[in-house]
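This report covers one protein chain, from its overall layout down to its aromatic pairs and a few single residues. The sequence and structure follow.

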Amino acid sequence: MKKVMMVITALFMVSFAQAQSKVAHVNSGELLQKMPEIKVVETKLAEYQATYEKQLLQMQKDLQEKSAALQEDKTSPKSILAIKQKELEDMYANYQQLQGSAQEDIMEKREELLEPVIKKLKDAIAAVAKEKGYEYVMDSTEGGGMIYGDPKHDLMNDVLKKLGLPATTTTTTTTPAK
């Protein structure tokens with residue numbers, strides 16, 4: 001009976017060991033910031049944003065000038081002042097509409113520019129994970145949902161190498177949640 005129990009225990013341990021998944025972690029936010037493509041994305045995004053800022057500043061200046069002129073106008077009849085007031089309100093509505101559209105357009109442009117960079121990073125992480133035999137890689141970026149990560153499973157330097165970037169000297173670890 002003892003031998004049967006030992007065989008069952010051994011079989012259980014073997015099947016348990018086979019069921020274990022190899023898990024690693026990587027800080028994708030830190031990796032993304034180290035990629036040279038990010039500088040290009042930031043530059044293009046800043047240029048795109050500057051176009052809107054220039055237009056919005058000009059509209060704001062025009063609004064201020066028209067508002068000041070309207071307040072100083074003491075000689076125009078009421079009907080003309082009402083028309084000028086309506087023009088001013090329309091200008092302000094256009095300004096607000098452009099402001100909202102600009103924010104949406106800038107977010108869309110950011111996503112469009114980041115998409116190929118993020119794909120390259122994900123592909124590099126997947127390649128390293130496959131090369132090292134990991135079944136899962138968790139994101140250890142703050143807010144990434146990882147409670148604990150053993151530094152020996154941190155793929156940061158391997159992914160940096162895969163991307164052709166210099167390895168980092170410090171490793172980041174997360175601590176268990178309280």
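## Overall layout

Of the contacts in the chain with a separation of 6 or more, 80% are between residues 24 or more positions apart. The model is predicted. The chain holds five helices and two strands, and read from the N terminus the order is α-β-α-α-α-β-α.

Buried residues account for 24% of the 178 residues. About 13,000 Å² of the chain is exposed, and 57% of that area comes from carbon and sulfur atoms.

## Helix 3

Helix 3 is made of 36 residues, and the distance from its first C-alpha to its last is 53 Å, close to the 52 Å expected at 1.5 Å a residue. Its buried residues are Ile38, Val41, Leu45, Tyr52, Leu56, Met59, Leu63 and Leu70. These buried residues pack against helix 2 (28-34) and helix 4.

## Aromatic pairs

How many aromatic pairs does a search of the whole structure find? The search gives two. In one of them, the ring centres of Tyr48 and Tyr52 are 5.8 Å apart and the planes stand at 75 degrees; planes over 60 degrees apart count as edge-to-face, so this pair is edge-to-face. Both residues belong to helix 3 (residues 37-72), where they are four residues apart, about one turn of the helix. An α-helix has 3.6 residues a turn, so residues three or four places apart point the same way. Tyr48 is partly exposed because its relative accessibility is 28%, whereas Tyr52, at 16%, counts as buried.

The rings of Tyr92 and Tyr95 have centres 6.4 Å apart and planes at 25 degrees, so they form a stacked pair. The cut-off for stacking is planes under 30 degrees apart. Tyr92 and Tyr95 are both in helix 4 (residues 78-132), three residues apart, again about one turn of the helix. Tyr92 has a relative accessible area of 42% and is partly exposed; Tyr95, with 12% relative accessibility, counts as buried.

## Charges over rings

Which residue lies over the face of Tyr48? Lys109 does, at 5.3 Å from the ring centre. Tyr48 is thus named twice in this report, as its ring also pairs with that of Tyr52.

A second lysine, Lys22, has its charged end over the ring of Tyr134, 4.7 Å from the ring centre.

## Ser140

Ser140 is located in the loop between strand 2 (136-139) and helix 5 (156-162). Is this loop residue buried or exposed? Ser140 has a relative accessible area of 9%, so it is buried. The side chain of Ser140 comes to 3.3 Å from the backbone nitrogen of Asn27.

## Asp158

Asp158 is part of helix 5. With a relative accessible area of 22%, Asp158 is partly exposed, because the limit for buried is under 20%.

Leaving aside residues up to four places away in sequence, Asp158 touches Val128 and Lys132. Asp158 and Ala127 are separated by 31 residues in sequence, and their C-alpha atoms are 10.0 Å apart in space.

Note on methods. Residues numbered from 1 in each chain as written. Predicted model: local features only at pLDDT ≥ 70, side-chain atom pairs only at ≥ 80, totals over all residues. Heavy atoms only, no water. Phe/Tyr/Trp six-rings, centres within 6.5 Å; stacked < 30°, edge-to-face > 60°. Buried < 20%, exposed > 50% of the residue type's maximum accessible area, 1.4 Å probe, protein only. Lys NZ or Arg CZ within 6 Å of the ring centre and 35° of its normal. Expected span 1.5 Å × (residues − 1). Contact = heavy atoms within 4.5 Å. Areas by Shrake-Rupley, 256 points an atom, 1.4 Å probe, with all protein chains shown as cover. Polar contact = N/O pair within 3.5 Å; in protein donor to acceptor, adjacent residues only side chain to side chain.
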